[in-house]
Amino acid sequence: IECGIKAGLNPDDMIPRFSAQMHMGMDFFEEICKLRAFRKMWAKTIKERFVCAKAASQQFRIHVHTGGINLTAQQPLNNITRATLQVLASALGGTQSIHTSSYDEAISLPSEEAATTSLRINQIILHESGLAKVCDPLGGSYYVEWLTEELEKEAWKIVDEIESRGGYTRCMETGWLWNLLDQRIQTWRQEVDQGERVIVG
């Protein structure tokens with residue numbers, strides 16, 4: 001956005017075209033609230049930092065990719081349940097589009113049956129559950145509102161840290177962001193290895 005403004009573009013003309021891809025994890029409520037918090041942060045940033053007036057600029061389109069990293073090669077049919085929970089969390093969190101990982105992705109390229117099953121997960125939730133008839137169906141839930149606020153608070157801390165370190169590009173160049181991700185990956189692995197985080201099957 002800043003580069004576009006420097007090039008002479010009106011942010012209200014370009015921002016409504018933006019979208020983002022988000023990865024979904026397995027913590028059901030955290031994933032729902034992550035999408036909700038992200039949209040709140042986007043709207044605040046666009047309104048206050050870039051002074052955009054168009055409602056379309058403050059709305060944000062999110063594409064979700066269910067987490068292939070959460071799939072297991074052992075007992076791969078369990079991955080159908082994992083993908084279903086991630087798609088459901090995505091829909092409850094307000095995503096606009098979803099790519100669903102196939103249950104056999106931890107083993108190989110998706111088979112035709114696995115790819116069809118992934119598509120059917122989306123279609124069943126869309127057409128048979130009635131979920132698509134409601135916007136933000138968990139809005140107002142004490143827990144969901146509290147967790148959305150907590151995630152937003154923690155995310156702003158990271159945004160502020162990135163800004164203080166010279167911005168996103170600078171943090172990529174120095175390796176700071178990679179280190180942050182690597183620490184999280186190591187923590188997750190230790191939790192699994194020590195039995196503190198259960199991966200079924």
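In the predicted model, 15 salt bridges are present. One of them links Glu149 to Lys40, with the closest N and O atoms 2.9 Å apart. Glu149 belongs to helix H7 and Lys40 to helix H3, so this pair ties together parts that lie 109 residues apart in sequence. Both partners count as partly exposed, Glu149 at 39% relative accessibility and Lys40 at 35%.

A further salt bridge joins the side chains of Glu161 and Arg165, at an N to O distance of 2.6 Å. Here Glu161 is partly exposed, with a relative accessible area of 30%, and Arg165 is likewise partly exposed, at 40%. In helix H9, the side chains of Asp193 and Arg189 also meet in a salt bridge, at 3.0 Å from N to O. These two residues are separated by about one helical turn because they stand four residues apart in that helix. An α-helix has 3.6 residues a turn, so residues three or four places apart point the same way. Asp193 is exposed, with a relative accessible area of 56%, whereas Arg189 is partly exposed, at 40%. Elsewhere, salt bridges that share partners join Glu2, Arg49 and Glu163 into one network.

Helix H7 was next examined for its length and surroundings. The helix comprises 23 residues, from 142 to 164, and at 1.5 Å a residue should span 33 Å; its end C-alpha atoms are 33 Å apart, in agreement with that expectation. The buried residues of H7 are Val144, Leu147, Thr148, Glu152 and Ile162. Their cover includes helix H3 (28–49), helix H8 (168–174) and helix H9 (176–193). Helix H3 thus appears both in this cover and, through Lys40, in the salt bridge to Glu149 of H7. Just after H7, Gly166 adopts a positive phi of about 105°.

The largest nonpolar core consists of 21 residues, and those with the most contacts inside it are Ile15, Leu35, Ile46 and Ile62. At least two residues of this core are supplied by each of strand E1 (19–24), helix H3, strand E2 (61–66), helix H5 (78–93) and helix H6 (112–128). For Ile15, when neighbours within four places in sequence are left aside, the contacts are Ile1, Trp42, Ile46, Cys52 and Ser57. Ile46, one of these contacts, is itself among the core residues with the most contacts.

Notes
Residues are numbered from 1 along each chain as its sequence is written. This is a predicted model: local features need pLDDT of at least 70, side-chain atom pairs count only at pLDDT 80 or more; totals for chains, interfaces and linings use all residues. Side-chain values use heavy atoms; hydrogens and water are left out. The expected span of a helix is 1.5 Å times one less than its number of residues. Buried means under 20% relative accessible area, exposed over 50%, partly exposed in between (1.4 Å probe, protein chains only). Contact means heavy atoms within 4.5 Å. A nonpolar core is a set of buried Ala, Val, Leu, Ile, Met, Phe, Trp, Tyr and Cys residues joined through side-chain atoms within 4.5 Å. A salt bridge is a side-chain nitrogen of Lys or Arg within 4 Å of a carboxyl oxygen of Asp or Glu.
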